[in-house]
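Student: Could you walk me through the pockets in this protein? I'd like to see where the empty space is and what surrounds it.

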Amino acid sequence: SVATLFDLLDICDRTDLRGAVLQDLERQRVSLGALRQHPGVDPQALDAMLAEIQAAAADLGGQGRIGQELRDNEWLASLRGRLAVPGGSSQVDMPSYFSWQIKPPEIRSHDLGQWIRPFLPLYKGLALILRVLRDSGDRADVTARQGAYQEMLSGKVFQLLRVWVDSALNIFPEMSANKYVIWERFAA
């Protein structure tokens, strides 16, 4: 939705996402590049992954401020301000937004597609980092006793914690982690 688009703009305004993603891409590139000399590593697969990382970094590094063209769009800027006000998106206050909302779905979908385009390099970079982390990790099955699980890290370093919960249990995890401990509690 349009509100989600504005949430993305707010997130990009508050943090240096581009810099953080570029740093992680470079870290993954260096880590994977070090595998070149290891036996059992497929050089073609490694080269393909390194090229994918390089392309994602180039796409992300090549653009200006993420979403700047959306900030420069007068109509979207006006809408962003009105949506921030409770009830500000009514037909009376924002007739152009109402008019856009009743356009055919194909037109609205096309517009949204154009508006999210500036975020795609960021998305592709984040998706690539997560894919590399997920594919390189080891899976461990553990059981949470009495609805909680805690593990002392004892110097081990983790970059990603993934939790699977059987949907039939109708619970969700609340997680907390730092350099010393991983803690999860499951709530209904």
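**Pockets and their linings**

Tutor: Keep in mind that this is a predicted model. We can start with the second largest pocket: its lining has ten nonpolar, no polar and no charged residues.

Student: Which helix gives the largest share of the lining of the second largest pocket?

Tutor: Look at who lines it: Leu8, Ile11 and Cys12 are among them, and so are Phe119, Leu122 and Tyr123. Helix H1 (2-14) and H8 each supply at least two of the lining residues. The largest share, four residues, comes from H8.

Student: What is the volume of the second largest pocket?

Tutor: We've already met its lining, with ten nonpolar residues. As for the space itself, the volume is about 160 Å³.

Student: How do the residues lining the largest pocket divide by class?

Tutor: That pocket holds about 1,100 Å³ of space. It is lined by 33 residues, with Asp138, Ala140, Leu161, Arg162 and Trp164 nearest its centre. By class, the lining splits into 19 nonpolar, six polar and eight charged.

Student: Where does the largest pocket lie with respect to domain 1 and domain 2?

Tutor: Check which elements supply at least two lining residues each: helix H2 (17-33), helix H8 (120-136), strand S1 (148-152) and strand S3 (181-187). H8 gives the most, with four residues. Both domain 1 (2-136) and domain 2 (148-187) give residues to the lining, so the largest pocket lies between them.

Technical notes
Residues numbered from 1 in each chain as written. Predicted model: local features only at pLDDT ≥ 70, side-chain atom pairs only at ≥ 80, totals over all residues. Heavy atoms only, no water. 1 Å grid on protein atoms, 1.4 Å probe; cavity = no way out; pocket = protein on both sides within 12 Å on 5 of 7 lines; lining within 4 Å. Points joined across faces, edges and corners; volume = space filled by probe spheres on them. Nonpolar A, V, L, I, M, F, W, Y, C, P; charged D, E, K, R; others polar. Domains from an automatic or database assignment.
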